[in-house]
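Thanks, everyone. Let me walk you through this one quickly, and please hold questions to the end.

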Amino acid sequence: MKRTHSDGNREFNPETLALGYGYDPELSQQAVKPPIFLTSTFQFSSAAEGKRFFELAYGLREQEEGEARGLIYSRLNNPNLQMFEERMAAWDQTEVGATFATGMAAISTAVLALVKPGDAVISTSPVYGGTHYLFQHILPTFGVTVKFVDAGDGAAEAVRAAAQELGPDKVRVVFIETPANPNIEHSDIAAIAAVAQELSQAHEGPDVVTIVDNTVLGPVFQRPAPLGADIVLYSATKFLGGHSDLVAGVATGPASLMRGIRDLRTILGTVTTPFNGWLLLRSLETVSVRMRRQAKSARSLARILVEHPRVTRVLHPSLLEPGSSQHELWDRQCTGHGSLLSFEVDGGEAAAFDVLDRFEVFRLAVSLGGTESLVEHPMSMTHADVPPADLEALGVSAGMIRVSVGLEHMSDLKRDMLHALGG
Ligand SMILES: *Cc1c(COP(=O)(O)O)cnc(C)c1O
C-alpha cells in the first residue's frame with residue numbers, strides 16, 4: 001500500500017495507512033498481515049549489494065532517488081520496525097521515524113544526537129520524571145546546560161527569556177512536554193517553535209530544534225509537526241502500545257535531523273526488538289478507536305467527579321473554562337481531551353490512600369494509556385523525587401489521585417469510582 005491513492009495525489013488518512021502502508025505482501029508469501037521478522041541479520045543477494053547497503057548505512061554516499069535502504073542487521077533496522085516507523089511518520093505528518101527500546105531511549109538518544117558540550121537545552125517543566133533526571137543530572141555531566149521554564153500560558157515568553165539568559169547562540173534544543181502531567185497544563189507549541197526559529201535566524205551554526213513529547217494526547221488528538229515542531233516523540237509504552245504489555249518509544253521528524261538520531265541509535269543500541277515492532281504495528285491499527293473511546297469515558301468520569309462532595313478539584317482538558325487562555329490554546333492545538341485526568345480528595349494522603357485501596361476495577365499502578373484503567377498517587381509514586389516546594393508549584397497535593405481511563409464499560413467505571421469515594 002502506498003501513502004497516496006492512485007486516483008490523485010491526496011494522501012490516505014493515518015488510520016487507513018496503519019492497516020497496510022509500508023508492507024508488500026509479495027515479499028511475504030501473500031500474507032495479508034506482516035509476519036514477525038525474528039532475525040538478527042539479513043542475507044545480501046550479492047557482495048556488491050552488501051557493499052551498496054553499507055555505503056548508505058555509514059553515510060559514505062547520498063541515497064539515490066527512489067533507492068531503498070537495504071536491510072543489514074536488526075540493530076540498524078528490521079521490517080517490523082520500518083513499517084511502524086513509516087506509519088508513525090504518516091500520523092505525525094513528518095518524513096522519517098525511529099523506534100526505540102523505551103520512551104526514555106527515544107528521548108535520550110534524540111537529545112544526545114543534537115547536543116555537544118557547551119550547548120544549552122531549554123525544557124518546559126514539569127516533564128516526565130526520567131526526562132527530568134536526564135536533564136537535571138546527566139546532561140550537565142557532559143557540559144550541557146539545561147534551563148527549565150514553567151509549562152502553561154507563559155511558556156513561549158519564558159523560553160525567549162531563558163535563551164537571552166543562556167546566550168541565544170548556545171541554545172540547541174527546546175523540549176516541550178504538553179500537556180504536562182499531572183497538572184494538565186498546555187504549552188503553546190506553535191509559539192515556542194516560532195521563538196526557536198527566531199533564535200535560529202539570529203545566529204549562525206545549527207538551527208534550534210524543537211522537540212515535543214507527544215505521549216499524552218498524540219498521535220490522535222495532537223499533531224505537533226504542522227504547528228512547527230521538528231521532532232515528535234512518544235513513550236510507545238502508553239497509547240501506541242496501548243495494552244500495557246510492552247515498553248517502547250518512537251521519534252519522527254525530517255530526514256535531515258532523523259539521520260543523526262538513527263545513527264546514534266545504531267551505536268548506543270537503543271533500538272527495540274522485532275517482536276515489539278510487530279506488537280506496535282498491531283496496536284497502531286486501533287489507536288484512534290481506543291483513544292477516542294477512552295477520552296469519552298474520561299469526559300464522563302470528569303463530570304461525575306466534579307459533582308462529588310468529597311472531591312475538591314478535578315483536572316481534565318474537558319473541564320477547561322471556555323474563554324480561558326488554556327481553553328483557547330487547547331482548542332487551537334488539540335482535537336480531543338484525552339483520557340488522563342487528576343482529581344483531589346479532601347483529607348490528604350490518608351484520604352487518597354483510602355480511596356485508592358477501595359478500587360476494584362481501576363488497578364493501582366503507574367503508567368497510562370493501556371486498555372485497563374489505572375489509578376496512582378503522584379506525590380508518593382510518579383513524582384516522589386520532586387522537592388516539596390516544586391510539588392506545590394506544580395499543584396500536586398497529598399490528596400491528588402491520577403487516573404488513566406481504559407476501555408472497561410462506562411457503567412462499571414462509574415460504579416467503581418463512586419464505590420471508592422464511598423458514595
Ligand atoms: C512514560 C513516559 C515517558 C517514558 O517512557 P518509557 O517508555 O517508560 O521509557 C516519557 N514521557 C512521558 C510523557 C511518559 O508518560
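When I say strand, I mean a DSSP run of E, at least two residues long, and strands are numbered from the N terminus. With that in hand, here is a starting point. Gln-222 sits in the loop between strand 5 (209-213) and strand 6. Keep in mind that this is a predicted model.

Is Gln-222 buried or exposed? It is buried, because its relative accessible area is 0% and the cut-off for buried is under 20%. What does its side chain reach? One partner is the backbone oxygen of Thr-178, at 3.0 Å. Another is the side chain of Asn-214, in a polar contact of 2.9 Å. Now leave out neighbours within four places in sequence. Gln-222 is then in contact with Thr-178, Pro-179, Ile-189, Asn-214, Leu-217, Gln-333 and Cys-334.

Now the domains. The protein chain is divided into domain 1, residues 79-284, and domain 2, residues 287-420. Look back at the contacts of Gln-222: Gln-333 and Cys-334 are on that list, and their numbers fall within the 287-420 range of domain 2.

How far apart are the C-alpha centres of the two domains? The answer is 25 Å. The contact takes 32 residues from domain 1 and 36 residues from domain 2. Interface size is often given as the accessible area lost when the parts come together. Here, domain 1 and domain 2 bury about 3000 Å² between them. Of that, 60% is on carbon and sulfur atoms. On the domain 1 side, Pro-182, Phe-221 and Phe-239 lose the most area to domain 2. Together they make up 27% of what that side buries.

What about polar links across the interface? There are 17 residue pairs in polar contact between domain 1 and domain 2, counting pairs with both residues at pLDDT 80 or more. Helix 7 (189-202) and helix 9 each supply at least two residues of the domain 1 side that touches domain 2. Between the domains the count is one salt bridge. As for Asp-188 and Arg-332, their side chains meet in a salt bridge, 3.2 Å from N to O.

On to the cores. Nonpolar side chains tend to be buried together in soluble globular proteins. In this model, the largest nonpolar core has 31 residues. Which residues have the most contacts inside it? They are Phe-84, Met-88, Leu-240, Leu-284 and Val-287. Helix 3 (79-92), strand 6 (231-235), helix 9 (274-284) and helix 10 (287-307) each supply at least two residues of this core. Both domains take part, with at least three core residues drawn from each.

Take Phe-84. Leaving aside neighbours within four places in sequence, Phe-84 is in contact with Thr-99, Leu-240, Val-250, Leu-280, Leu-281 and Leu-284. Apart from this core lies another, of 26 residues. Among them are Ile-107, Leu-134, Val-173 and Ile-211.

Next, salt bridges over the whole model. The count comes to 17. I will pick out a few.

Start with Arg-292 and Glu-15. Their side chains meet at 3.7 Å, N to O. Arg-292 is in helix 10 and Glu-15 in helix 1 (residues 14-17), 277 residues apart. Arg-292 counts as partly exposed at 41% relative accessibility. Glu-15 is partly exposed too, at 31%.

Then Glu-376 and Arg-402, at 3.3 Å. Glu-376 lies in strand 11 (residues 374-376) and Arg-402 in strand 12 (residues 400-404), so the pair ties together parts 26 residues apart in sequence. Glu-376 is buried at 1% relative accessibility. Arg-402 is buried at 5%.

There is also a network. Salt bridges link Glu-55, Arg-61, Glu-64 and Glu-67. Within it, Glu-67 and Arg-61 have their closest N and O atoms 3.0 Å apart. Arg-61 is partly exposed, at 22%.

Last stop, Lys-414. Its place is in helix 14 (residues 410-420). At 40% relative accessibility, Lys-414 counts as partly exposed. Which residues does Lys-414 touch, not counting those up to four places away in sequence? Leu-301 and Ile-304. The C-alpha atoms of Lys-414 and Asp-153 are separated by 33 Å, and the two residues are 261 apart along the chain.

That's my tour.

Terms used: Residues numbered from 1 in each chain as written. Predicted model: local features only at pLDDT ≥ 70, side-chain atom pairs only at ≥ 80, totals over all residues. Heavy atoms only, no water. Core = buried A, V, L, I, M, F, W, Y, C linked by side-chain atoms within 4.5 Å. Buried < 20%, exposed > 50% of the residue type's maximum accessible area, 1.4 Å probe, protein only. Helix = DSSP H or I, 4+ residues; strand = E, 2+ residues; numbered from the N terminus. Domains from an automatic or database assignment. Contact = heavy atoms within 4.5 Å. Buried area = accessible area lost by both parts, 1.4 Å probe. Salt bridge = Lys/Arg side-chain N within 4 Å of Asp/Glu carboxyl O. Polar contact = N/O pair within 3.5 Å; in protein donor to acceptor, adjacent residues only side chain to side chain.
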